[in-house]
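Dear colleague,

Please find below the structure for your review. My notes on it follow.

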Amino acid sequence: YVLINTNGNGTWISGGGTYEEGTTCMVSARSGDFDGWYDETDGGMTFVTSSRNYHFTVTRNRLLFAKYK
């Protein structure tokens, strides 16, 4: 699974869902003052990219967080 969340009010994000391992996923953040995508883990959040469109190969369950300034 790829779950996505955001701290932005009135923002638009897409791309979460169920993916087979080894397939490509793209998540998108399209509005507001976007800061970046973060990967949430047990140890906190790790910065991934500042690109609004993030493509990656699914290798595990992920919780991605779209952070807005």
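**Nonpolar core and sheet**

In this predicted model, the largest nonpolar core is made up of 12 residues: Val2, Cys25, Val27, Ala29, Phe34, Trp37, Tyr54, Phe56, Val58, Leu64, Ala66 and Tyr68. Two or more residues of this core come from each of the following elements: strand S3 (24-29), strand S4 (34-41), strand S6 (53-57) and strand S7 (62-68). As general background, nonpolar side chains in soluble globular proteins tend to be buried together.

Strands S3 and S6 also belong to an open sheet of 3 strands, in the order S2-S3-S6, and the pairing in this sheet is antiparallel. Its edge strands are strand S2 (13-14) and S6, each of which pairs on one side only.

The contacts between these strands may be described pair by pair. S2 and S3 run antiparallel and are joined by 2 bridges. Ile13 has Ala29 in S3 as its bridge partner, while Ser14 stands opposite Ser28 in S3. Ala29 is also one of the residues of the nonpolar core.

Between S3 and S6, which likewise run antiparallel, there are 5 bridges. Here Cys25 stands opposite Phe56 in S6. Both Cys25 and Phe56 are members of the nonpolar core.

Which strands form the edges of the sheet? They are S2 and S6, with S3 placed between them in the strand order.

Yours sincerely

Key
Residues are numbered from 1 along each chain as its sequence is written. This is a predicted model: local features need pLDDT of at least 70, side-chain atom pairs count only at pLDDT 80 or more; totals for chains, interfaces and linings use all residues. Side-chain values use heavy atoms; hydrogens and water are left out. A nonpolar core is a set of buried Ala, Val, Leu, Ile, Met, Phe, Trp, Tyr and Cys residues joined through side-chain atoms within 4.5 Å. Buried means under 20% relative accessible area, exposed over 50%, partly exposed in between (1.4 Å probe, protein chains only). Helices (H or I, at least four residues) and strands (E, at least two) are DSSP runs, numbered from the N terminus. Two strands pair if DSSP finds at least two bridges between them.
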